[in-house]
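Please look over the sequence and the fold below before reading on. The notes that follow are grouped by topic, beginning with how neighbouring strands are joined.

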Amino acid sequence: MSIIHNDRGEPIIQIANEFTVIQVGYTRTGSGERLVITSPRLRFQTHLDPLQLESLTWQTPDMYSALLDTPYGPGSELKASPLSALFRKD
């Protein structure tokens, strides 16, 4: 985890591992503050208001598991296979 700054000088928390990088910051709008979550590598971004953020805490682990079935959105099935498949000689 590291803290970087955007082009307006606002702090952004960056969290990374060997698979992905996300950045979490905030912005002020006419309707109040929003949490901004960005995936720079995939160029996805979302803005969450306080109620949207709170509603994430109401969800069950099963809901999050279902989201991971299609992590890039509906209609974007991953053609993934286990790493062991790379070493099989058929």
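In this predicted model, strand β2 and strand β3, which covers residues 21-29, run antiparallel and are joined by four bridges. The protein as a whole has two helices and five strands, and, when it is read along the sequence, these elements follow the pattern β-β-β-β-β-α-α.

**Strands and hairpins**

- Between β2 and β3, the chain passes through four residues, which makes this pair of strands a hairpin, and within the pairing Ile13 stands opposite Val24 of β3.
- On its other side in sequence, β2 (residues 11-16) pairs with β1 in the antiparallel sense, again over four bridges, and Ile4 has Ile12 in β2 as its bridge partner.
- β1 and β2 also form a hairpin, here with five residues between the two strands, and in the turn Gly9 has a positive phi of about 85 degrees.
- β3 and β4 pair in the antiparallel sense over seven bridges, and the hairpin that joins these two strands passes through two residues.

**The salt bridge**

- How many salt bridges does a search of the whole structure find? The search finds one salt bridge, and it is formed by Arg28 with Glu33, whose closest N and O atoms are 3.5 Å apart.
- As a general point, side chains of opposite charge can pair when their charged atoms come close.
- Arg28 and Glu33 are linked through the strands as well, since the bridge partner of Arg28 in β4 is Glu33.
- Arg28 counts as exposed because its relative accessible area is 57%, which is over the 50% cut-off, whereas Glu33, with a relative accessible area of 43%, is partly exposed.

**A buried arginine**

- Arg34 is found in strand β4, which covers residues 32-39.
- Is Arg34 buried or exposed? Arg34 is buried, yet it has no salt bridge, and the nearest side chain of opposite charge, that of Asp49, is 4.6 Å away.
- The distance to Asp49 is 4.6 Å, and a salt bridge requires the charged atoms to be within 4 Å, so this pair does not count as one.
- When neighbours within four places in sequence are left aside, Arg34 is in contact with Gly25, Tyr26, Thr27 and Thr29, and also with His47, Leu48, Asp49 and Pro50.

**A nonpolar patch on the surface**

- Which residues make the nonpolar surface patch of about 440 Å²? The patch is made by Met1, Ile3, Ile13 and Ile15.
- Ile3 lies in strand β1, which covers residues 2-5, and Ile3 is exposed, with a relative accessible area of 61%.
- Ile13 also takes part in the strand pairing described above, where it stands opposite Val24.

**The protein as a whole**

- Of the 90 residues of the protein, 13% count as buried.
- The protein exposes about 7600 Å², and carbon and sulfur atoms supply 58% of this area.
- Among the contacts between residues at least 6 apart in sequence, 2% join residues that are at least 24 apart.

Conventions: Residues numbered from 1 in each chain as written. Predicted model: local features only at pLDDT ≥ 70, side-chain atom pairs only at ≥ 80, totals over all residues. Heavy atoms only, no water. Patch = residues over 30% accessible without salt bridge, like charges linked within 9 Å, V, L, I, M, F, W, Y side chains within 5 Å. Areas by Shrake-Rupley, 256 points an atom, 1.4 Å probe, with all protein chains shown as cover. Buried < 20%, exposed > 50% of the residue type's maximum accessible area, 1.4 Å probe, protein only. Pairing = 2+ DSSP bridges. Lys, Arg positive; Asp, Glu negative; His and termini not counted. Contact = heavy atoms within 4.5 Å.
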